[in-house]
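Got your viewer open? Get ready to click through a few selections, one stop at a time.

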Amino acid sequence: MLYTLYPGDYNKNIMRIWNQLSNAKNQAMALEYLLCSDIKPTISPSDKISGTGWHDAYIRRLNPPLKKPVQNDFIDSSFLSGMAVLCSFQSGDRNVPGYMMIRKADCTRLTDENHVPVKIHQLARAVSNLPYYLTNGNTPQGIYKVTGTDVSENKWIGPTTNIQMVMPFEDKNSFFGVESSERETYSNILGNKLTKFLPLYESYEAGKLGRTEIIAHGTTINPDFYQGQKYYPCTPSLGCLCAPELWKEDGSLSYSAQQQIIDALQENNLNPEWLVVAEIEDFNPPVMMLK
């Protein structure tokens with residue numbers, strides 16, 4: 001709550017108690033709160049966060065890599081050759097909605113009737129805006145295994161078909177296979193070109209720290225709650241990929257980016273096994289045309 005609604009207001013309070021918090025994860029949340037004001041306390045070996053995966057993730061965020069991949073890197077044949085892939089491209093500013101593109105098994109992009117690559121809006125921002133490695137934080141970059149589709153019973157997600165995914169370590173056999181080295185397997189999935197971009201290992205790191213249950217879904221949350229935000233009329237979630245939807249007063253659907261994704265897959269007989277989330281250098285979202 002403090003991180004989301006009151007950044008900077010409680011710096012003195014947090015500075016006084018952050019290293020007394022009960023566990024490494026809570027200490028990481030406190031350090032991230034302070035980092036919003038560019039305050040970077042010294043971490044001593046006696047602090048609970050020291051030497052943990054949360055510590056490693058926090059330290060990496062102090063010096064983020066400058067170079068990002070570009071869209072064409074994801075149609076390179078070294079990346080999941082012969083497989084269709086859902087590509088969720090995002091800005092480094094998660095307040096800006098990103099977009100889904102679909103790579104076909106022949107490493108070309110799905111296009112519309114005018115031969116223009118299909119781009120469908122998708123938000124990768126959590127309502128907390130916490131970083132990727134913390135529970136209910138922003139969607140981690142990296143690889144996800146697609147396990148099918150479903151219709152949620154969650155009233156905030158709504159009835160539009162969603163895409164089910166698992167992260168590394170959420171279902172180890174499904175993601176890695178039984179007898180392979182986990183890190184090596186993950187690197188092999190990325191391929192020669194993408195493996196050098198360390199942020200694409202975020203889903204691996206977050207999964208190892210216990211993040212689970214990230215899917216790609218629609219939303220019944222009233223976008224009017226977020227008027228004035230950069231991402232309006234998209235609505236943030238708890239860290240999932242959330243495609244904008246608008247609903248009429250009678251409960252019928254008037255616009256659904258999520259349904260556009262599902263329709264594109266069904267109409268083109270595509271059944272992708274993998275999804276990748278990536279902040280890219282040549283980020284270029286489409287104009288949001290609600291209809």
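The tour goes from aromatic rings to strands and ends at a pocket.

A quick note before clicking: this is a predicted model, where local features need pLDDT of at least 70, side-chain atom pairs count only at pLDDT 80 or more, and totals for chains, interfaces and linings use all residues. Residues are numbered from 1 along each chain as its sequence is written, and side-chain values use heavy atoms, with hydrogens and water left out.

**Stop 1: ring pairs**

Select Tyr132 and Tyr133. Their rings sit edge-to-face, 5.6 Å centre to centre with 70 degrees between the planes. (Rings of Phe, Tyr and Trp, for Trp the six-membered ring, pair if their centres lie within 6.5 Å; planes under 30 degrees apart are stacked, over 60 edge-to-face, the rest tilted.) Is Tyr133 buried or exposed? Tyr133 is buried, at 2% relative accessible area, and Tyr132 counts as buried at 8%. (Buried means under 20% relative accessible area, exposed over 50%, and partly exposed in between, using a 1.4 Å probe and protein chains only.)

Next, pick Tyr226 and Tyr231, a tilted pair at 5.7 Å and 55 degrees. Tyr231 is buried at 3%, and Tyr226 is buried at 16%.

Now select Phe169, Phe175, Phe176, Tyr186, Tyr201, Tyr204 and Trp274 together: ring pairs link them into a cluster. Keep Tyr204 on screen and add Arg183, which lies over the face of that ring, 5.3 Å from its centre. (For a charge over a ring, NZ of Lys or CZ of Arg is within 6 Å of the ring centre and within 35 degrees of the ring normal.)

**Stop 2: strands**

Show strand S4 (142-150) and strand S10 (274-279), which pair antiparallel over four bridges. (Strands are DSSP runs of E, at least two residues, and helices are runs of H or I, at least four, numbered from the N terminus; two strands pair if DSSP finds at least two bridges between them.) Trp274 of S10, from the ring cluster, stands opposite Lys145. Add strand S5 (162-166): five bridges join S5 to S4, again antiparallel. Here Asp150 has Asn162 as its bridge partner.

**Stop 3: the pocket**

Which residues lie nearest the centre of the largest pocket? Select Arg61, Pro64, Gln141, Glu202 and Glu279 to see them; 31 residues line this pocket. Now colour helix H4 (53-62), which gives the largest share of the lining, three residues.

Definitions and conventions. On a 1 Å grid over the protein atoms alone, a cavity is a set of points where a 1.4 Å probe fits but cannot get out, and a pocket is an open set with protein on both sides within 12 Å along at least five of seven lines; lining residues have an atom within 4 Å of a point.
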